[in-house]
Amino acid sequence: MKHFNTLLFAFFILIFQNTLSAQDLRGKVVDTQNSPVVEALIHNPVGSKHSHSNARGEFVLSGLSVGDTVIVSFLGFQTLEYELASKDFNDGIEFTLEEAFFELDQISVSNSMKAINKITSIDLQTDPVNSSQEVLRRVPGLFIGQHAGGGKAEQIFLRGFDIDHGTDIGITVDGMPVNMVSHAHGQGYADLHFLIPETIENIDFGKGPYYTNQGNFNTAGYVDFKTKDKVDQSSIGMEFGQFGTFRTSSIFNLLGNSKKQNAYVASEYILTEGPFDSPQNFNRLNLMAKYTSEFDNSDRLSILISRFQSKWDASGQIPQRLVDNGTISRFGAVDDTEGGNTSRTNFSVQHTKFINNSSFIKTNAFFSHYDFELFSNFTFFLEDPENGDQIRQAEDRRIYGINSTMYQETNVGNAQLELSYGVGLRYDDVNDVGLFRTANRKTTLETLADGEVDESNIFGFVNAEFDFGDWMINAGVRFDAFNFDYTDRLQTLYTSLSESAFAVSPKLSVIYNPTNNLQLYFKSGVGFHSNDTRVVVAQGGEEILPAAYGVDLGTVWKPAPRLWINAAVWYLFLEQEFVYVGDAAIVEPSGKTARQGVDFGLRYQLTNYLFFNADVNYTHARAIDEDEGADRIPLAPELTSMGGLAFRHPSGFSAGIQYRYIRDRPANEDNSIIAEGYFITDLTASYTFKKVTIGFAIENLFDQDWNEAQFATESRLSNEAEPVEELHFTPGVPFFFKGNLTYRF
């Protein structure tokens with residue numbers, strides 16, 4: 001008994017000593033330019049203790065003792081291992097990470113609500129973006145289609161949605177909204193062509209309506225592009241290709257290697273005639289400047305100014321019957337006077353203010369001036385057998401906005417709590433928004449709609465993220481208030497109609513990390529997409545903010561150091577579906593819908609230099625209120641997949657082959673008209689020696705005939721007595737070779 005008491009006493013003494021020796025380690029993670037590395041993972045390989053660096057690069061890791069090993073890792077940097085000494089606890093520590101050639105085993109599936117977002121970081125590292133068309137394709141499961149000469153915003157497909165140009169996906173750049181509410185062409189219209197691909201630093205995305213900081217249009221998901229705060233080198237690039245294609249781009253570092261201030265200007269200019277029988281005469285100019293300053297207390301200020309302008313001609317969507325009978329080729333036209341022009345000027349200011357070591361405020365203010373004019377002819381001579389059915393849509397818009405979010409970290413019992421509170425305002429002042437019947441893009445035959453839209457959105461949200469170690473719980477709620485005002489100029493007397501609406505959107509997610517390489521998650525939430533102001537006031541305020549209810553159950557898993565797997569099953573219910581109507585170029589409500597599906601993704605580093613990626617997405621989408629057999633959702637994708645191989649070698653040689661696949665899908669409600677699927681392969685290769693990179697890109701390597709945009713449309717040709725409803729399409733690009741040359745200095 002005496003020996004037992006002695007052992008028991010020694011045991012308690014040991015526990016007591018370990019408790020006393022366990023300490024908090026405070027430190028900072030920076031890169032070689034002394035800039036903070038945000039979201040770096042700091043953990044002790046023994047046990048489950050971990051931490052992430054905040055916006056200041058700072059972290060606190062508890063439960064450590066002298067002699068323990070700490071591992072610091074972040075994508076694109078060498079993983080650092082460090083054995084702690086007593087001075088580190090007294091003085092704090094600063095870890096400096098050095099850039100490294102990409103290794104997939106650098107990444108851990110850590111306790112983070114956004115672990116799955118690392119997919120885009122992996123893809124950008126292994127296969128950088130080469131064109132503006134590829135920007136949105138970097139979101140796993142997202143497809144795009146262009147159908148107006150390259151100048152119109154892309155048609156977007158995600159999670160069983162034909163999102164048209166942005167109805168069910170929220171898109172932002174540095175927190176500045178891209179989606180246009182109550183747009184002349186379609187609700188949520190998101191023209192991303194002002195974003196220069198070479199300036200992209202990171203792509204943040206999320207699928208489903210689960211995020212309190214995301215508001216209008218966040219039903220199928222959201223995408224936020226982060227532009228670079230600094231560039232290490234200046235560069236000039238040129239690209240020449242088939243179909244009269246020329247592109248030049250440049251980035252100039254204005255302040256050299258200054259550690260506290262960074263500034264650069266970037267530009268892009270594109271010309272192309274396209275593969276069509278009638279030249280597109282497409283041109284686009286992008287200019288951008290960004291200045292970032294970090295103050296002694298780590299506060300940050302960033303100012304962005306950009307200007308975008310584009311003009312083009314288009315051959316439009318052609319009917320299948322004309323191609324089948326040989327009247328026109330796949331690249332022909334019925335009305336080749338389609339086209340348009342658009343411009344956008346942006347001014348954005350971002351400021352981060354640190355209150356103390358555990359709290360800071362991020363504020364973003366922005367202004368955009370946007371002009372839009374689009375000429376289309378979907379039905380040819382259906383409505384007007386003499387002049388044709390060409391329409392003109394136009395608007396002149398100004399967007400004002402500001403939002404501010406406060407972040408606080410504290411401890412509640414044995415949990416780490418991160419609180420965020422946000423408020424904001426967006427105001428759209430849209431003048432001269434109208435729809436006109438035109439001929440030959442010159443003569444206005446009839447004014448169908450003409451007015452002014454004033455739409456405001458005031459919002460606030462509260463979000464709480466509890467970190468219990470292996471478990472994380474995220475709960476939040478968002479509040480949105482809208483006011484819709486429309487002045488109809490076609491009325492004899494002054495007429496201004498106004499409606500208002502309010503939405504409450506709760507969110508709840510739970511994450512379980514049994515190890516650093518496995519995450520299981522459950523996400524749930526309510527989102528919404530707003531209706532067009534003109535529809536809102538016409539309906540007397542009914543169905544203004546139809547809600548979306550979503551649930552995800554999924555996993556992120558690294559079964560091997562160089563293998564990344566993500567998978568999810570999900571369900572989404574919409575109170576009101578918005579469907580694109582091609583012959584009128586409008587969106588209209590069409591009842592309740594339900595979607596359920598499976599997402600699967602894989603990233604595998606086969607060797608030190610060879611990377612494989614694949615995403616497969618399946619969706620079952622149906623209209624709830626329609627009879628069976630007539631309940632298909634037109635153009636809703638059912639099965640899609642994207643993937644490929646990328647090779648990157650330290651010698652400077654890089655190459656990649658990528659594919660994208662979409663299965664046949666219904667083009668109308670009863671599935672009697674089919675939108676044809678396709679499998680397209682692209683190839684890229686480049687070699688860098690010293691300051692020069694030379695390379696090429698091939699789109700549609702195997703020269704497949706494919707339809708990029710497709711619609712079931714009723715149309716009539718000039719020689720037809722009766723209209724015909726069938727598939728109308730815009731052909732996808734044939735084999736398309738482009739060579740490129742870049743010089744860095």
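How many aromatic pairs does the structure contain? In this predicted model, the count comes to 30 aromatic pairs. Several of the rings involved can be followed in turn.

A first example joins tyrosine 189 and phenylalanine 372. The centres of their rings are 5.4 Å apart and the planes meet at 65°, so this pair is edge-to-face; the term applies because the angle between the planes is over 60 degrees. The two residues belong to distant parts of the chain, 183 residues apart. Tyrosine 189 lies in strand 14, which covers residues 189-190, while phenylalanine 372 lies in strand 24, which covers residues 359-376. Both tyrosine 189 and phenylalanine 372 are buried.

Another edge-to-face pair is formed by phenylalanine 276 and phenylalanine 331, with 6.0 Å from centre to centre and 75° between the planes. This pair also links distant parts of the chain, with 55 residues separating its members. Here the partners are found in loops: phenylalanine 276 in the one between strand 19 (261-272) and strand 20 (282-294), and phenylalanine 331 in the one between helix 4 (320-324) and strand 23 (338-356). Phenylalanine 276 and phenylalanine 331 are both buried.

Aromatic residues may also be considered as a group. Phe59, Tyr82 and Phe95 together form one aromatic cluster.

Finally, rings can be examined for their charged partners. The ring of phenylalanine 459 has the charged end of arginine 478 over it, at 4.4 Å from the ring centre. In a further case, the charged end of lysine 523 is placed over the ring of tyrosine 521, 5.0 Å from the centre of that ring.

Note on methods:
Residues are numbered from 1 along each chain as its sequence is written. This is a predicted model: local features need pLDDT of at least 70, side-chain atom pairs count only at pLDDT 80 or more; totals for chains, interfaces and linings use all residues. Side-chain values use heavy atoms; hydrogens and water are left out. Rings of Phe, Tyr and Trp (its six-membered ring) pair if their centres lie within 6.5 Å; planes under 30 degrees apart count as stacked, over 60 as edge-to-face and the rest as tilted. Helices (H or I, at least four residues) and strands (E, at least two) are DSSP runs, numbered from the N terminus. Buried means under 20% relative accessible area, exposed over 50%, partly exposed in between (1.4 Å probe, protein chains only). A charge sits over a ring if NZ of Lys or CZ of Arg is within 6 Å of the ring centre and within 35 degrees of the ring normal.
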